[in-house]
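Student: I have a new structure to read. Can you walk me through it?

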Amino acid sequence: MLAGTYNFSLFLLSRRKVPHRPDKGEQRFYVFLLACLNEEIVLAESLARITALPAEKCVALVIDDASDDRTADIARAADPQRVWLHQRYLPNARRGKGAALNDGVRLLRASPLLQGRNPNDVILCVVDADGRLDGHVIDAVDPFFNDPATGATQIGVRMYNRREGLLARLQDMEFVVYGDVFQSARRFIGSVGMGGNGQFMRLSALDTLGEDPWSDSLTEDLDLGVRLIARGWTNQHCTTAAVSQQAVLEVRRLIRQRSRWFQGHLQSANLTPLILRDVGGRAAMDLIYHLSSPVLILLTSLLPLSFLVALLGTIAGSIRAGRPLVSVMWFLGPYLLSFTSAWIYGFVYRVRERSLTAIQAVLLGHVFIIYGYIWFAAGWMGLWRTVTGKRTWLKTARS
């Protein structure tokens, strides 16, 4: 009940509009960071999207983390004036995405590319190797940085292969719902989180986090967003542009991916003292609630089992007492508790995906609730990896 009330409150809050400060004429420069490990299948298309953006406003830095495929060759084949290649080698490479990004930022700080540029007007954007940016992304994001308090802006995330099956469609819906409801509402709470794809950050904001802004957590993006807020910066969420990535098409691979995210959330529990000390107010409360989500998921995963036990007990009691075995309350109560939000999620998703009819969107919302059970399997897998001390990076394989 508490979770339902919280989610509905965020839905109402997400409907509000965010005003922008007027443009003061700053000429900002964008650097797109792509940390790559064996990404030859998807990298070329991502670089093509970036090099199609206005040349005077941006470049790309490909950080090859000791790939053993053609990743580096693909980066070299791109426009050398627009795409830089930085290669890392073993044994210093392959230590996680955060380490690769930190190395890239150190290179940028010492490079002539940024000499003479004000760090307030240099925006770094993390893009996954399979990320395909909207062509208007810079125009959409730039107004958020008119506010000098804005340290970072996260754009929406979509699945470019969302029509390749139900599992891909549900992942697309998941990211749309998270962005258009939870992230949009958190703009007014002060607790917007950063994602690992399509996160834009002011260089001066990253500088306040030290030489290595990213942590070695499996969810280094979550850590970064929280620490920026703790430093007094404001995180924003942009709903008018998105980066599209590749959905996972196999349930087992999806569970592996989400178990990594879950394990990273468990690691991020060590941010709690920082939040309580340096954030405060409703933003702190919301961040603590967000960081507690792994515990809530594990506890919630026990509910279906307890409901099944109660249902079997009720049926057995009905048989012994000679009462009817079917009661509408057996279905109405669980439905209201489990599927009320499906109507909201269907509405939100159809706003983005106009090709769906209203009925299709509502039905998809119901399937989406069941799809969320994947997090139960991923949660227990992530907990097991944490307890057994396994911290290896479960890289998502590309198709």
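What follows is a run of questions and answers on this predicted model.

Student: How many helices and strands does the protein have?
Tutor: Both kinds of element are present in this predicted model. The protein's tally is 16 helices and eight strands.

Student: What percentage of the 399 residues counts as buried?
Tutor: A residue is buried when its relative accessible area is under 20%. The protein has 399 residues, and the share that passes this test is 52%.

Student: Among contacts with a separation of 6 or more, what share comes from residues 24 or more positions apart?
Tutor: Contact here means heavy atoms within 4.5 Å. Take the contacts with a separation of 6 or more; residues 24 or more positions apart account for 80%.

Student: Which strands stand at the edges of the sheet?
Tutor: The sheet is open, its pairing is mixed, and its eight strands run in the order β3-β2-β1-β4-β7-β6-β8-β5. An edge strand has a single partner, so one of its sides has no neighbour in the sheet. The strands that fit are β3 (83–88) and β5 (132–133).

Student: Do β1 and β2 run parallel or antiparallel, and how many bridges join them?
Tutor: Strand β1 covers residues 29–36 and strand β2 covers residues 58–65. Two of the pairings can be named: Y30 has C58 as its bridge partner, and F32 has A60. The strands run parallel, and the number of bridges joining them is seven.

Student: Is β2 covered on both faces or on one, and how many of its residues are buried?
Tutor: On one side sit C58, A60, V62 and D64, all buried. On the other sit V59, L61, I63 and D65, also buried. Both faces are therefore covered, and the buried count for β2 is eight of eight.

Student: How many disulfides does the structure hold?
Tutor: A disulfide is a covalent bond between the sulfur atoms of two cysteines. Two cysteines worth a look are C36, buried at 1% relative accessible area, and C238, buried at 0%. To count, a pair of sulfur atoms must lie within 2.5 Å. The number of disulfides is zero.

Student: Is G156 buried or exposed, and which residues is G156 in contact with?
Tutor: G156 belongs to strand β6 (residues 150–159). Its relative accessible area is 16%, so G156 is buried. V176 is 20 residues apart from G156 along the chain, and their C-alpha atoms are separated by 7.1 Å. Beyond neighbours within four places in sequence, the contacts of G156 are H237, C238, A241, A242 and V243.

Student: Where does N161 lie, and which residues does N161 touch?
Tutor: N161 is in the loop between β6 and α6. Its relative accessibility is 5%, so N161 counts as buried. Setting aside residues up to four places away in sequence, N161 touches A168, Q245, Q246, A247 and L249.

Student: Is Y178 buried, exposed or partly exposed, and which residues is Y178 in contact with?
Tutor: Y178 sits in helix α6 (residues 166–189). At 31% relative accessibility, Y178 is partly exposed. V157 is 21 residues apart from Y178 in sequence, with 9.3 Å from C-alpha to C-alpha. Leaving out neighbours within four places in sequence, the contacts of Y178 are Q183, R186 and H290.

Student: How many charged residues are in the contact of α6 with α11?
Tutor: The axes of α6 and α11 come within 9 Å and cross at roughly 150°. Y178, R186, F188 and I189 of α6 meet R282, A283, D286 and H290 of α11. By class there are four nonpolar residues and one polar, and the charged ones number three.

Student: What is the arrangement of α11 and α12, and how do the residues of their contact divide by class?
Tutor: Two packed helices are described by the angle between their axes and the distance between the axes. For α11 (residues 281–291) and α12 (residues 293–300), the axes come within 5 Å and cross at roughly 45°. That makes α11 oblique to α12. Y289, H290 and L291 of α11 meet S293, P294 and L296 of α12, and the classes are four nonpolar, two polar and no charged.

Key:
Residues are numbered from 1 along each chain as its sequence is written. This is a predicted model: local features need pLDDT of at least 70, side-chain atom pairs count only at pLDDT 80 or more; totals for chains, interfaces and linings use all residues. Side-chain values use heavy atoms; hydrogens and water are left out. Axes are lines fitted to C-alpha atoms, for helices over the stretch in contact, and angles run from 0 to 180 degrees between N-to-C directions. Helices (H or I, at least four residues) and strands (E, at least two) are DSSP runs, numbered from the N terminus. Angles under 35 degrees count as roughly parallel, over 145 as roughly antiparallel, 65 to 115 as roughly perpendicular and the rest as oblique. Ala, Val, Leu, Ile, Met, Phe, Trp, Tyr, Cys and Pro count as nonpolar, Asp, Glu, Lys and Arg as charged, and the others, Gly among them, as polar. Buried means under 20% relative accessible area, exposed over 50%, partly exposed in between (1.4 Å probe, protein chains only). Two strands pair if DSSP finds at least two bridges between them.
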